[in-house]
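Grab a coffee and work through these exercises with the viewer open. Each one sets a task and then walks through a solution.

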Amino acid sequence: MEHSFWHSKWQKNEIGFHEPEGNALLVKYASVLLDTDDLNTTQKRIFVPLCGKTRDIGWLLSQGVEVVAAELSEVAVIQLFEELGAEPTVTSTANGKVYEKGGLTIYVGDIFKLTPKDVGVVTGVYDRAALVALPGPLREQYAAHLTDITKRAPQLIISFEYNQNEMAGPPFSVNEDTVDSLYSENYHIQRLERSVLEGKLKGKVDADNLVFHLIAK
Ligand SMILES: C[S@@+](CC[C@H](N)C(=O)[O-])C[C@H]1O[C@@H](n2cnc3c(N)ncnc32)[C@H](O)[C@@H]1O
């Protein structure tokens, strides 16, 4: 999608993807990212790509986790900090602004401009409605870039599968075969859940929730 598509969604507050209560599947499966023995660090630090103003960031912070995130829309990031009740420090860089407060750092701008150095060491990646937000060719670029900037950190991915003929994305349908073709070169992939999406996608289309855990090969 063009950047203007997303900027317009945020300007018009057309953010049906946003979950005011956060995502229950994160709470259910976060342990795969958080209850791990990392040799070099006990402090967990999770990367949240295409974060919007997700409430899941607040939940991760409440678990003692540090979060680094990327989001195109400054409108979203401003609202995210307002809803957290946190006053960020804002720094301008060549690639855009960086909003920071305590254990939370958000890069405002195109995720494809982020480098491994920007992201730093992360112990996991939480992808909810990021992979599914991108059309096919961009999705391939995204998967390769995410693998690179996070140095193959483990991932928890929450996606949707539905009949793409019934609705144009985003969100796009991303099934197990697609996740496999994008990530199996670098990761072992385990599907943790397939369940019916209650209330349907956009209230119209039957869909399944899919949850994947990726660990570097
Ligand atoms: C479907 S929303 C999901 C937001 C969030 N993950 C959630 O669960 O609520 C996708 C988000 O990705 C952002 N986005 C789209 N393309 C991007 C890019 N190239 N770089 C950074 N963010 C992007 C959009 O502005 C939008 O907020």
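Start with a term: a residue is buried under 20% relative accessible area, exposed over 50%, and partly exposed in between, using a 1.4 Å probe and protein chains only. Keep in mind that this is a predicted model, where local features need pLDDT of at least 70, side-chain atom pairs count only at pLDDT 80 or more, and totals for chains, interfaces and linings use all residues. Residues are numbered from 1 along each chain as its sequence is written, and side-chain values use heavy atoms, with hydrogens and water left out.

**Exercise 1.** Place Ser31 and decide which class it falls in: buried, exposed or partly exposed.

Solution. Step one: find helix α3, residues 31-34, which holds Ser31. (Helices are DSSP runs of H or I with at least four residues, strands are E runs of at least two, and both are numbered from the N terminus.) Step two: the relative accessible area of Ser31 is 35%, so Ser31 is partly exposed. Step three: look along the chain to Leu156, 125 residues away, whose C-alpha atom sits 10.0 Å from that of Ser31.

**Exercise 2.** Do the same for His213, then list its contacts from outside its own stretch of sequence.

Solution. His213 belongs to strand β9, residues 208-216. With a relative accessibility of 9%, His213 is buried because that is under the 20% cut-off. For contacts (heavy atoms within 4.5 Å), skip neighbours within four places in sequence; what remains for His213 is Val32, Pro154, Gln155, His188, Ile189, Gln190 and Leu192.

**Exercise 3.** Work out which residues come nearest the ligand and which polar contacts hold N or O atoms of the protein and ligand in range.

Solution. First, the shell: a residue is near if one of its heavy atoms lies within 4 Å. There are 15 residues around the ligand, and Trp10, Leu50, Glu71, Ile111 and Arg128 come nearest. Helix α1 (residues 3-11) gives the most to this shell, with 3 residues.

Next, the polar contacts, meaning pairs of N or O atoms within 3.5 Å:
- Glu71 puts a polar side-chain atom 2.6 Å from a ligand oxygen.
- Leu72 has a backbone N or O atom 3.0 Å from a ligand nitrogen.
- Ile111 has a polar backbone atom 2.9 Å from a ligand nitrogen.

Last, the cover: the ligand alone exposes 600 Å², and the protein buries 96% of that (Shrake-Rupley areas with a 1.4 Å probe).

**Exercise 4.** Find the backbone oddities by checking omega and phi.

Solution. Begin with omega. The peptide bond from Gly169 to Pro170 is cis, with omega near -5°, and another cis bond joins Pro170 and Pro171, with omega about 0°. Pro170 is in the loop between β7 (155-161) and α8 (176-183), and so is Pro171.

Now phi. Asn13, in the loop between α1 and α2 (24-29), has a positive phi near 60° without being a glycine. Ala129 also isn't a glycine, and its phi is about 60°. Ala129 lies in the loop between β6 (124-128) and α7 (136-149), and at 18% relative accessibility it counts as buried.

**Exercise 5.** How compact is the whole protein?

Solution. Count elements: 8 helices and 9 strands. The radius of gyration over C-alpha atoms is 16 Å, close to the 17 Å from the globule rule (2.2 Å times the number of residues to the power 0.38) for 217 residues, so the protein is as compact as a globular protein of that length. Finally, 47% of the 217 residues count as buried.

Conventions. Polar contact = N/O pair within 3.5 Å; in protein donor to acceptor, adjacent residues only side chain to side chain.
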